[in-house]
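Student: Could you take a close look at one part of this model, the aromatic side chains and what surrounds them? I would like one connected account that moves from the rings to the core and then to the sheet.

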Amino acid sequence: MVIKTNKKPGNTPLLENKNIEETFNISKVYIKDESKNPFGTIKDRRNFDIFQEANRLKVDKLVLITSGNNGHSLSQFAKSSPVKVVCVVDKNLNQDIKTKLKKEVYQVLELNLQHKILRPEELIAFSREKEDEVIWDVTNGYEESYNKIVDEIIEKIPHPDYIVVPVGSGGIFLGIVQGLEKKGAKTKVIG
């Protein structure tokens with residue numbers, strides 16, 4: 001069964017920010033408002049692609065390390081499907097976030113993430129309940145999902161001098177850089 005969703009992310013507004021322009025005496029500063037994606041986060045872009053592929057290939061579970069937004073977003077795309085979402089969170093994560101995730105996802109695993117980097121095979125093992133389950137670790141990857149942001153920016157601003165990107169785990173930054181390289185753009189990226 002293939003689940004289609006009409007909640008496709010992208011084409012978020014590009015808004016000029018006069019306040020930053022005036023405060024720092026910089027001309028033409030724009031902000032890409034990713035909160036306008038279906039579930040309010042830039043992560044909706046990758047999670048839409050992840051879910052579409054996992055659903056098409058009949059994956060049983062998707063597991064990821066999250067501090068909230070990424071797990072929430074992925075769970076919303078998977079909500080009406082047989083694909084289960086398992087969120088691995090740090091045991092010290094805010095209790096309100098853990099409570100919300102527990103209402104939205106199949107399972108929340110609380111681990112001490114402060115002293116160990118977990119490998120994909122460990123995450124998969126933690127979430128496995130049956131021997132024959134197909135489980136993907138989607139903590140990282142799918143950076144190409146962010147390439148479309150570059151297309152959306154260049155459509156409105158053909159030659160931006162700079163794009164400032166939040167770094168986080170680096171996936172968004174990498175996706176923007178790859179998108180600019182594909183376009184042959186000379187835009188500088190600041191993380």
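Tutor: In this predicted model, F39 and F77 are both buried. Their ring centres lie 4.9 Å apart and their planes stand at 85°, which is over the 60 degrees required, so the pair counts as edge-to-face. This pair links distant parts of the chain, since F39 sits in the loop between β2 (30–32) and α2 (43–56) while F77 belongs to helix α3 (residues 69–78), 38 residues apart. F77 also forms an aromatic pair with F48, again edge-to-face, with 5.7 Å centre to centre and 70° between the planes. Here too distant parts of the chain are linked, with F48 in helix α2 and F77 in helix α3, 29 residues apart. F48, like F77, is buried. A search of the whole structure finds two aromatic pairs, and the residues F39, F48 and F77 make up one aromatic cluster.

The two helices named above also take part in the largest nonpolar core, to which α2, β3, α3 and β4 (84–90) each supply at least two residues. That core has 20 residues, and the members that touch the most others are L62, L74, V85 and C87. The element that gives the most to this core is α2, with four residues. In soluble globular proteins, nonpolar side chains tend to be buried together. For L62, once its neighbours within four places in sequence are left aside, the contacts are I50, A54, L74, V83, K84, V85, V86, W136 and V138. Another core, of twelve residues, lies apart from the largest one and includes L14, I163, V165 and I172.

From the core we can turn to the sheet. Strands β3 and β4, which each supply at least two residues to the largest core, are also members of an open sheet of four strands, whose order is β5-β4-β3-β6 and whose pairing is parallel. The edges of this sheet are formed by β5 (107–111) and β6 (135–137), each of which pairs on one side only. Neighbouring strands are turned by 20° against each other on average, with direction ignored. Strand β3 (residues 61–65) pairs with β6 in the parallel sense over three bridges, and within this part of the sheet V63 stands opposite D137 of β6. Strands of a sheet pair through backbone hydrogen bonds, either parallel or antiparallel.

Note on methods:
Residues numbered from 1 in each chain as written. Predicted model: local features only at pLDDT ≥ 70, side-chain atom pairs only at ≥ 80, totals over all residues. Heavy atoms only, no water. Pairing = 2+ DSSP bridges. Axes fitted to C-alpha atoms, helices over the stretch in contact; angles between N-to-C directions. Phe/Tyr/Trp six-rings, centres within 6.5 Å; stacked < 30°, edge-to-face > 60°. Buried < 20%, exposed > 50% of the residue type's maximum accessible area, 1.4 Å probe, protein only. Core = buried A, V, L, I, M, F, W, Y, C linked by side-chain atoms within 4.5 Å. Contact = heavy atoms within 4.5 Å.
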